[in-house]
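Dear colleague,

I am handing over a structure that you have not worked with before, and below it I have set out what was found in it. Please read the notes with the structure open beside them.

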Amino acid sequence: MIVFPQAKINLGLNVVERRPDGYHNLETVFYPVPLYDALEVQEMNKDFPSEVDCDLKVTGINVEGDEQRNLVVRAYQLLKQEFPQLPRVHVHLHKAIPTQAGMGGGSSDCAAMLCALNTWYHLGLTDEQLIKRAASLGADCAFFVINHPAYAEGIGERLQPIELNLKGWWLAMVRPDIPVSTKEAFALIIPHKPEVNCRDIVGKPVEVWRELLVNDFEQSVFAQYPEIGTVKDRLYKLGAAYSAMSGSGSAVFGLFRKPIELERHFAGMFTRVVQL
């Protein structure tokens with residue numbers, strides 16, 4: 001059994017207020033992009049010697065931390081508590097979405113695991129029920145249950161699907177070798193309500209987004225890590241119609257009318273160009 005968790009970008013990201021629970025309410029537009037991890041799940045032989053119910057192996061891009069704390073394992077554990085009939089499983093996660101990039105790789109893996117287990121083992125959970133469980137594991141996880149362009153509020157779990165089609169545009173992605181702490185990025189934000197909602201802006205032509213569509217994290221992140229801001233500037237110089245950091249970084253993307261070669265401009269960084 002294999003599925004392919006997908007990456008996302010944020011088209012605008014406004015931090016509008018700090019919540020009593022310490023989290024922040026956001027306004028953003030999530031857009032799925034054709035960059036994928038691979039997640040393979042196999043049942044353990046009943047006699048296989050394992051101290052865990054969900055045995056995870058990660059290949060591809062390096063993922064730091066205890067594998068038993070990975071969101072894929074936590075997704076399994078969450079459902080296992082509710083559905084004890086779930087079998088023990090081996091999981092192979094091959095990472096192609098860069099980590100600590102603001103592109104939702106870990107969140108996508110988490111949602112893919114929830115949805116796959118729900119489908120394969122006929123658990124009967126609705127999308128709404130899956131979204132609730134996904135949101136309990138991570139703010140961005142909920143979006144990947146629907147995996148369709150969506151306007152998001154709250155911590156990212158209140159989703160409204162929108163009709164937004166960027167077909168024909170070329171998406172250039174650059175991830176500098178700079179990890180950005182989401183916690184630190186939020187700590188430097190001064191919440192405020194934007195004059196124009198990002199949901200309304202993305203309904204306008206892409207060519208006007210540059211003057212209107214804002215990621216609130218850019219100001220503080222670029223001040224702390226000027227190299228990330230330089231990537232955005234360079235993408236504009238290369239002809240991007242719109243460029244922005246995704247999430248809290250450190251990946252930066254640009255939308256182009258034509259394909260572009262990135263490697264010689266961003267040596268030593270993760271780069272990818274795909275057609276939407």
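A residue is called exposed when its relative accessible area is over 50%, buried when that area is under 20%, and partly exposed in between. By that cut-off His122, at 71% relative accessibility, counts as exposed. Please keep in mind throughout that this is a predicted model, and that the values below are computed from it.

His122 is a convenient place to begin, since His122 lies in the loop between α2 and α3. Most residues other than glycine have a negative phi, and most peptide bonds are trans. Against that background, the phi of His122 is near 50°, a positive value in a residue other than glycine. Gln100 also has a positive phi, near 45°, and is likewise a residue other than glycine. The place of Gln100 is in the loop between β6 (89-95) and α2, and Gln100 is partly exposed because its relative accessible area is 45%. A further point of backbone geometry is found between Gly249 and Ser250, which are joined by a cis peptide bond with an omega of about 15°; Ser250 sits in the loop between β10 and β11.

The helices come next. Two packed helices are described by the angle between their axes and the distance between the axes. For helix α1 (residues 71-82) and helix α2 (residues 105-120), the axes come within 8 Å and cross at roughly 30°, and the crossing in which α1 passes α2 is right-handed. On the α1 side the residues that meet α2 are Leu71, Val72, Ala75, Tyr76 and Leu79, while α2 brings Gly106, Ser107, Asp109, Cys110, Met113, Leu114 and Leu117 to the contact. Sorted by class, this contact of α1 with α2 holds nine nonpolar residues, two polar and one charged.

Helix α2 also packs with helix α3 (residues 127-137), here at an angle of about 145° and with the axes 10 Å apart. The crossing of α2 and α3 is right-handed. In this contact Cys110, Leu114, Cys115 and Asn118 of α2 meet Leu130, Arg133, Ala134 and Leu137 of α3, and the residues involved divide into six nonpolar, one polar and one charged.

One residue of that contact can be followed further. Asn118, which lies in helix α2, counts as buried because its relative accessible area is 10%. Leaving aside neighbours within four places in sequence, Asn118 is in contact with Leu123, Gly124, Leu125 and Leu130.

Two buried loop residues are also worth finding in the view. Ala142 lies in the loop between α3 and α4 (143-146), and Ala142 is called buried because its relative accessibility is 0%. Not counting its neighbours within four places in sequence, Ala142 is in contact with Ile131, Ala134, Ala135, Gly156, Glu157 and Leu159. Gly247 lies in the loop between β10 (242-245) and β11 (252-256), and Gly247 also counts as buried, at 6% relative accessibility. Beyond residues up to four places away in sequence, Gly247 touches Lys8, Asn10, Leu13, Gly102, Asn215 and Phe217.

By contrast, Gly268, in the loop between β11 and β12 (270-275), counts as exposed because its relative accessibility is 75%. The C-alpha atoms of Gly268 and Asp177 are separated by 7.7 Å, although the two residues are 91 residues apart along the chain.

Lastly, there is the matter of empty space. Rolling a probe the size of a water molecule over the atoms shows where empty space is left. The second largest pocket holds about 180 Å³ of space. Its lining is made up of Leu188, Ile189, Ile190, His192, Val214, Asn215, Asp216, Glu218, Gln219 and Ser220, and by class these residues divide into four nonpolar, four polar and two charged. Asn215 therefore appears twice in these notes, since Asn215 is one of the residues lining this pocket and is also among the residues that Gly247 touches.

With best wishes

Key:
Residues are numbered from 1 along each chain as its sequence is written. This is a predicted model: local features need pLDDT of at least 70, side-chain atom pairs count only at pLDDT 80 or more; totals for chains, interfaces and linings use all residues. Side-chain values use heavy atoms; hydrogens and water are left out. Axes are lines fitted to C-alpha atoms, for helices over the stretch in contact, and angles run from 0 to 180 degrees between N-to-C directions. Helices (H or I, at least four residues) and strands (E, at least two) are DSSP runs, numbered from the N terminus. A crossing is left-handed if the near helix is turned anticlockwise from the far one by less than a right angle, and right-handed if clockwise. Contact means heavy atoms within 4.5 Å. Ala, Val, Leu, Ile, Met, Phe, Trp, Tyr, Cys and Pro count as nonpolar, Asp, Glu, Lys and Arg as charged, and the others, Gly among them, as polar. Buried means under 20% relative accessible area, exposed over 50%, partly exposed in between (1.4 Å probe, protein chains only). On a 1 Å grid over the protein atoms alone, a cavity is a set of points where a 1.4 Å probe fits but cannot get out, and a pocket is an open set with protein on both sides within 12 Å along at least five of seven lines; lining residues have an atom within 4 Å of a point. Grid points are joined across faces, edges and corners, and a volume is the space filled by probe spheres set on the points.
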